[in-house]
Amino acid sequence: MIKEISKEGKKNSSRDKIYTIAVCGVLTALAMIFSYVESLMPIPLPVPGIKLGVANIAIITVMYAAGVKEALIINIIRIALTAILFGNFNSFIFSMAGGMLSILSMILLKKTGQFSMTGVSIAGGVAHNIGQIIAAIFVMGSSTIMYYLPVLMILGVFTGAVIGIVAALVVKRVKI
């Protein structure tokens with residue numbers, strides 16, 4: 001955060017808040033752009049529907065640089081606006097289910113202080129896939145989709161690690 005000291009020696013907290021809101025707005029827009037671009041580029045894997053989750057770079061950056069409350073709000077806004085602008089109701093359901101389970105698990109693990117940023121990101125990637133499978137079970141009315149979960153969990157570990165490493169590099173350079 002900007003740590004300006006006034007003549008009285010106090011922090012300029014309203015300026016800090018405005019700066020934090022502005023940076024969070026930019027990171028929300030960036031997360032939406034990442035989501036949109038990622039939806040345009042299919043991953044050449046034999047597993048349908050796989051995404052890297054690049055938008056989570058912004059979410060994890062906000063979580064570690066600004067706070068968990070800001071990350072939760074930005075994640076909800078990103079999911080809702082991305083679904084409205086570029087998706088449909090089903091994409092909203094799947095994204096919200098995965099996104100909320102992911103962010104909640106990342107918040108809990110971060111608060112323990114036992115995990116690195118990469119570890120928190122890996123857990124978020126796996127939790128996101130679990131949330132989407134749970135949503136798919138309700139939408140499809142069948143639990144056979146659970147056979148897809150082991151593959152998704154392996155890919156969630158891999159993509160979560162990559163996203164966590166990149167987010168750690170970004171957090172070092174972003175000042176919120």
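These legends go with a set of close-up views of a predicted model.

In this predicted model, local features need pLDDT of at least 70 and side-chain atom pairs count only at pLDDT 80 or more, while totals for chains, interfaces and linings use all residues. Residues are numbered from 1 along each chain as its sequence is written, and side-chain values use heavy atoms, with hydrogens and water left out.

**View 1. Helix α2 and what surrounds it.** Helices here are DSSP runs of H or I with at least four residues, numbered from the N terminus. Eight of the ten residues of α2 are buried, so this helix is largely enclosed by the rest of the structure. "Buried" means under 20% relative accessible area, "exposed" means over 50%, and "partly exposed" is in between (1.4 Å probe, protein chains only). The buried ones are Asn56, Ile57, Ala58, Ile59, Ile60, Thr61, Val62 and Met63. They pack against α1, α3, α4, α5 and α6. Just after α2 comes glycine 67, with a positive phi of about 145°.

**View 2. Two α2 residues, threonine 61 and asparagine 56.** Threonine 61 is buried, with a relative accessible area of just 1%. Contact means heavy atoms within 4.5 Å. Setting aside neighbours within four places in sequence, threonine 61 is in contact with Leu27, Ala66, Ala167, Val170, Val171 and Val174. Then there's glycine 164: threonine 61 and this glycine are 103 residues apart in sequence, and their C-alpha atoms are 9.2 Å apart in space. Asparagine 56 also counts as buried, at 19% relative accessibility. Not counting residues up to four places away in sequence, asparagine 56 touches Arg78 and Ile163.

**View 3. The largest nonpolar core.** A nonpolar core is a set of buried Ala, Val, Leu, Ile, Met, Phe, Trp, Tyr and Cys residues joined through side-chain atoms within 4.5 Å. The largest one has 24 residues, and those touching the most other members are Ile60, Val62, Met63, Ala71, Ile103 and Met106. At least two residues each come from α1 (13-40), α2 (56-65), α3 (68-86), α4 (89-112), α5 (117-140) and α6 (149-173). The largest share of this core, six residues, belongs to α2. Apart from this core lies another, of seven residues, including Ala136, Leu149, Leu152 and Leu155. In soluble globular proteins, nonpolar side chains tend to be buried together.

**View 4. Methionine 63 and its partners.** Zoom in on methionine 63, again leaving aside neighbours within four places in sequence, and the contacts are Val68, Ala71, Ile103, Met106, Ile107 and Lys110.

**View 5. Helix α4 from end to end.** This helix has 24 residues and reaches 35 Å from its first C-alpha to its last, close to the 34 Å expected at 1.5 Å a residue. The expected span is 1.5 Å times one less than the number of residues. Buried along α4 are Met96, Gly98, Gly99, Met100, Ser102, Ile103, Ser105, Met106 and Ile107. Their cover includes α2, α3 and α5.

**View 6. Helix α5 and its cover.** With 24 residues at 1.5 Å a residue, α5 should span 34 Å, and its end C-alpha atoms are indeed 34 Å apart. Its buried residues include Met117, Val120, Ser121, Gly124, Gly125 and Val126. Further buried residues of α5 are Ala127, Asn129, Gly131, Ile133, Ala135 and Ala136. Among the elements covering them are α2, α4 and α6. Just past α5, glycine 141 takes a positive phi of about 70°.

**View 7. Valine 139 in α5.** At 42% relative accessibility, valine 139 counts as partly exposed. Leaving out neighbours within four places in sequence, valine 139 is in contact with Ile93 and Phe94. Asparagine 90 is 49 residues away from valine 139 in sequence, and the two are 8.6 Å apart in space, C-alpha to C-alpha.

**View 8. A nonpolar patch on the surface.** About 1,000 Å² of nonpolar surface is made by Ile33, Tyr36, Val37, Leu40, Met41, Ile73, Ile77, Leu81, Ile84, Leu85 and Phe86. Patches use residues with over 30% relative accessible area and no salt bridge, joining like charges within 9 Å and nonpolar side chains (Val, Leu, Ile, Met, Phe, Trp, Tyr) within 5 Å. A salt bridge is a side-chain nitrogen of Lys or Arg within 4 Å of a carboxyl oxygen of Asp or Glu. Accessible areas come from the Shrake-Rupley method with a 1.4 Å probe, and for residues only the protein chains shown count as cover. Helices α1 and α3 each supply at least two residues of the patch, and the largest share, six residues, comes from α3. One of the patch residues is isoleucine 84, found in α3 and counted as exposed at 63% relative accessibility.
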